Amino acid sequence: MTRSSDYCYMNENSISPYLKCSFCSKPFVDPVITDDGSRSCRACTSSDNVTPLKEKLILDMLDDLRIECVQCHEKNIRRGDYKQHDDTICPQRIVLCKASDLKCSWTGTYAELDQHLQSCPFEVLRPIFTEILSKIGQDQTRRSNEQQQVRNENKEYEEFKKEVEHLRKERIELENAIHQMTNQTENILGNQIEQLNKLYHEQIKRNNELEAEIKRLRILFLQHFPVWKKFQAEFEQYKQSINIQQLKEQLERLQLETRRISEQLTTIPAPAPIDNSNEITYMKQLFNQHDVQIKLLARKKCVIPGKFK
Ligand SMILES: [Zn+2]
Ligand SMILES: [Zn+2]
Ligand SMILES: [Zn+2]
C-alpha cells in the first residue's frame, strides 16, 4: 500500500490548487466526487455516496507529479511509478528473508538482505531442506497416488458389489421363473395324463363291450348255422327241380302263338259301314207324331205332371 507518508512532493507549493484536496491540502490520492459535487481524496471524505473521479487529464497530471522517496531519498520519481519503486526498486523497502519459506523469521531492508543471507542458518541448510522437502514431496506424491489407487479400487469394488447385487437379483428372478414354469408344466402334464387315463379306460370298456357283442353274435351264428344249411340244401333241391330250359321253350312258343294271332287279326277285313240315316229320319218323324199326340192329350186335360211342358 502506497502511503503518502512514504514520499514527499518536490516543489509542493508550485502544484496547482486545482489538484489539491480541500481536507488534507495535499494533491489528491485516489480522488472521488462526493454527492455535493466536491472532490477529495477517498480517505478524506466521510461520505459513503462517492464515485471515482475519471477525468483523464487530472489523473495524468496527478500521476506526473514529482516526488522524493522518504526511505531512500531518491528524487524526481513520477508519483505514478512510486508503487513500482516501493515494491521492486527502493533499497530501503522492507523485505522478508529469502529463506522465509524455510521458516526464517528475519525481516529488514533490501539493502540489509545480502548481509543477513551470509549468516542465515536456514539458507545454509537449504540444500538439506530441499532434499528433505523433495523426499517429502515425492512421498506425498506417492501417497497421493496410492490414495488415488485406493479410491479407484474402492470405486471398482463398489461397482463390483453393485454388479454382484444385480446378478443376485437376476438369479432370484430366474429361479422364480423356473419354479413357476415347472409348476405350470406339472399342471399341464398332470391334466394330460388324467385325460389319457380316462380315454384309456373308456377304450378298454368299449373293447370289452365289443368282445361281448362278438361273443353274442358268434353264439347266434352257431345257433342259426344248421338252419341256414338246411335252407340252402332245400334251395339247391328246388333249383334243380325247375328246368329253366323247358320254361324258356314254353315262353318262345307262347310268343310265336301271340305273333301268329295278331297277324290273323290284321287279315280279317273291316265290316262295311252301316247307313242308318233313313232309320234315324223315320224315328224322328215317329217321335214328332207322338209329341203332337201327347200335346193334344194335354189339351184334353189328360196332363202328365213334369213332362212335355
Ligand atoms: Zn485529502
Ligand atoms: Zn526509495
Ligand atoms: Zn534468514
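**Note on the sheets, core and helices of a predicted model**

1. Y9 has I67 of strand 5 as its bridge partner. Strand 5 covers residues 66-69, and strand 1, residues 7-9, pairs with strand 5 in the antiparallel sense over 3 bridges. Strands here are DSSP runs of E with at least two residues, helices are runs of H or I with at least four residues, and both are numbered from the N terminus. Two strands count as paired if DSSP finds at least two bridges between them.

2. The basis should be stated. This is a predicted model, in which local features need pLDDT of at least 70, side-chain atom pairs count only at pLDDT 80 or more, and totals for chains, interfaces and linings use all residues. Residues are numbered from 1 along each chain as its sequence is written, while chains are lettered from A and ligands numbered from 1 in the order in which they are written.

3. On its other pairing, strand 5 meets strand 6 (residues 77-78) in the antiparallel sense over 2 bridges. R66 stands opposite R78 of strand 6, and I67 stands opposite I77 of strand 6. The result is an open sheet of 3 strands in the order 1-5-6, with antiparallel pairing. Strand 1 and strand 6 are the edge strands, each pairing on one side only.

4. Which side chains of strand 5 are buried? I67 and C69 point to one face and are buried, whereas R66 and E68 point to the other face and are not. Buried means that 20 or more other C-beta atoms lie within 10 Å of the residue's own; exposed means 12 or fewer, partly exposed is in between, and the C-beta atoms are placed from the backbone.

5. I67 and C69 also belong to the largest nonpolar core, which has 6 residues in all: Y7, I67, C69, I77, Y82 and C90. A nonpolar core is a set of buried Ala, Val, Leu, Ile, Met, Phe, Trp, Tyr and Cys residues joined through C-beta atoms within 7 Å. Leaving aside residues up to four places away in sequence, I77 touches R66, I67, C69, Y82 and H85. Contact means that the C-beta atoms of two residues, placed from the backbone, lie within 7 Å.

6. A second open sheet of 3 strands has the order 3-2-4, again with antiparallel pairing. Strand 3 (39-41) and strand 4 (50-52) stand at its edges with a single partner strand each, so one side of each has no neighbour in the sheet. Direction ignored, neighbouring strands of this sheet are turned by 40 degrees against each other on average. The axes are lines fitted to C-alpha atoms (for helices, over the stretch in contact), and angles run from 0 to 180 degrees between N-to-C directions. Strand 2 and strand 4 pair over 3 bridges in the antiparallel sense, with V32 opposite P52 of strand 4.

7. Two residues other than glycine deserve a backbone check. N11, in the loop between strand 1 and strand 2 (31-34), has a positive phi near 50 degrees. N11 counts as exposed because it has 8 C-beta neighbours inside 10 Å. K103, in the loop between strand 7 (94-96) and strand 8 (107-109), has a positive phi of about 75 degrees. K103 counts as exposed because it has 9 C-beta neighbours inside 10 Å.

8. How many helices and strands does the protein chain have? The count is 7 helices and 8 strands. Helix 6 (residues 244-267) has 24 residues and reaches 35 Å from its first C-alpha to its last, close to the 34 Å expected at 1.5 Å a residue. The expected span is 1.5 Å times one less than the number of residues. Helix 7 (residues 277-299) has 23 residues, and its end C-alpha atoms are 33 Å apart, which agrees with the expected 33 Å. Both are hardly covered: the count of buried residues is 0 in helix 6 and 0 in helix 7.

9. I294 is found in helix 7. I294 is partly exposed because 14 other C-beta atoms lie within 10 Å. I294 and S144 are 150 residues apart in sequence and 171 Å apart in space, C-alpha to C-alpha.

10. On the overall dimensions, the protein chain has a radius of gyration of 80 Å, while a compact globule of 309 residues would have one near 19 Å. That radius is taken over C-alpha atoms, and the globule rule is 2.2 Å times the number of residues to the power 0.38. Along the principal axes, the C-alpha atoms fill a box of roughly 205 × 90 × 45 Å. Buried residues make up 4% of the 309 residues. Of the contacts between residues at least 6 apart in sequence, 25% join residues at least 24 apart.
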